[in-house]
Amino acid sequence: MPAEILTATFMSLRSRLHGLAASMLHSPDEADDVLHDAFLRLWDRGERDERQTAGSLVLAVRNACIDRLRRRARATDMPAADTAADDAGARADAREEVERILRFVRSEVSAPAAEAFEMYVVDDLDYDEIARRMGITVGLARTYISRTRRRIRNQFSNQS
């Protein structure tokens with residue numbers, strides 16, 4: 001889409017797009033970040049049908065919000081050392097737990113599934129990037145990660 005059309009449409013819809021993002025994310029600051037990311041994503045795409053500019057902006061903002069929410073959910077799926085309490089003992093316990101889970105994954109899950117899971121959790125890569133790096137389909141990357149998470153849940157819920 002021409003830059004002028006994208007910019008003009010974005011500026012006219014900015015408050016509505018911000019409201020959409022803020023309502024999805026429950027954070028005005030994150031909404032600002034998402035608007036920026038969505039605008040740049042469309043800017044990088046280049047030429048598009050100018051009749052679809054507003055719809056493309058809404059979809060880009062919605063998708064960016066969903067991506068952000070998914071990253072948040074992934075961050076809470078596993079204990080992370082940087083989110084543990086300030087107490088040094090709690091941080092050490094969290095690190096040990098993460099290492100214990102990763103040892104389980106490396107020893108009990110197939111090598112490709114373990115690799116995909118580590119890219120997803122440790123490297124914070126999305127499914128598309130994991131699939132690209134591993135030379136597999138996005139569906140297979142999702143399957144590897146889903147099955148690995150299920151195995152972790154089953155293993156560690158039995159030990160409680």
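These exercises work through the helices, cores and selected residues of a predicted model.

**Exercise 1. Give the secondary structure content of the protein and the order of its elements.**

Step 1. Count the elements. The protein has seven helices and zero strands.

Step 2. Read them from the N terminus. The order is α-α-α-α-α-α-α.

Step 3. Add the overall figures. Of the 160 residues, 33% are buried. Among contacts with a separation of 6 or more, 55% join residues 24 or more positions apart.

**Exercise 2. Describe how helix 1 and helix 2 pack, and classify the residues in their contact.**

Step 1. Take the geometry. The axes of helix 1 and helix 2 (residues 28-45) come within 9 Å. They cross at roughly 145°.

Step 2. Assign the hand. Helix 1 crosses helix 2 in a right-handed sense.

Step 3. Find the residues. Helix 1 contributes Ala3, Leu6, Thr7, Phe10, Arg14, Leu17, His18, Ala21, Ala22 and Leu25. On helix 2, the contact includes Pro28, Val34, Phe39 and Trp43.

Step 4. Sort by class. The contact of helix 1 with helix 2 has 14 nonpolar, two polar and three charged residues.

**Exercise 3. Where does His26 lie, and is His26 buried or exposed?**

Step 1. Locate the residue. His26 sits in the loop between helix 1 and helix 2.

Step 2. Check accessibility. The relative accessibility of His26 is 69%, so the residue counts as exposed.

Step 3. Check the backbone. Phi of His26 is near 60°, a positive value in a residue other than glycine. Most residues other than glycine have a negative phi.

**Exercise 4. Classify Thr9 and Ser56 by burial, and place each in its helix.**

Step 1. Start with Thr9. Thr9 belongs to helix 1 (residues 3-25). Its relative accessible area is 17%, so Thr9 is buried.

Step 2. List the neighbours of Thr9. Leaving out residues up to four places away in sequence, Thr9 touches Thr53, Ala54 and Leu57.

Step 3. Turn to Ser56. Ser56 is part of helix 3 (residues 53-77). With a relative accessible area of 15%, Ser56 is buried.

Step 4. Add a distance. Ser56 and Ala38 are 18 residues apart along the chain, and their C-alpha atoms are separated by 9.5 Å.

**Exercise 5. What is the angle between helix 5 and helix 6, and which residues make the contact?**

Step 1. Take the geometry. Helix 5 (residues 111-121) and helix 6 (residues 127-134) pack at about 135°, with axes 10 Å apart.

Step 2. Name the arrangement. Helix 5 is therefore oblique to helix 6. Their crossing is right-handed.

Step 3. Find the residues. Helix 5 supplies Pro112, Glu115, Ala116, Met119 and Tyr120. Helix 6 supplies Tyr127, Ile130, Arg133 and Met134.

Step 4. Sort by class. The contact of helix 5 with helix 6 has seven nonpolar, no polar and two charged residues.

**Exercise 6. How many residues are in the largest nonpolar core, and which helix gives the largest share?**

Step 1. Size the core. The largest nonpolar core has 22 residues. Val105, Ala116, Ile130, Met134, Ile145 and Ile152 have the most contacts inside it.

Step 2. Trace the sources. Helix 4 (88-108), helix 5, helix 6 and helix 7 (138-158) each supply at least two residues of this core. The largest share, six residues, comes from helix 5.

Step 3. Inspect one member. Val105 touches Ala114, Phe117, Thr148 and Ile152, not counting residues up to four places away in sequence.

Step 4. Note the other core. A second, separate core of 18 residues includes Leu25, Ala38, Ala60 and Ala64.

Methods. Residues numbered from 1 in each chain as written. Predicted model: local features only at pLDDT ≥ 70, side-chain atom pairs only at ≥ 80, totals over all residues. Heavy atoms only, no water. Axes fitted to C-alpha atoms, helices over the stretch in contact; angles between N-to-C directions. Helix = DSSP H or I, 4+ residues; strand = E, 2+ residues; numbered from the N terminus. Parallel < 35°, antiparallel > 145°, perpendicular 65-115°, else oblique. Left-handed = near helix turned anticlockwise from the far one by under 90°. Contact = heavy atoms within 4.5 Å. Nonpolar A, V, L, I, M, F, W, Y, C, P; charged D, E, K, R; others polar. Core = buried A, V, L, I, M, F, W, Y, C linked by side-chain atoms within 4.5 Å. Buried < 20%, exposed > 50% of the residue type's maximum accessible area, 1.4 Å probe, protein only.
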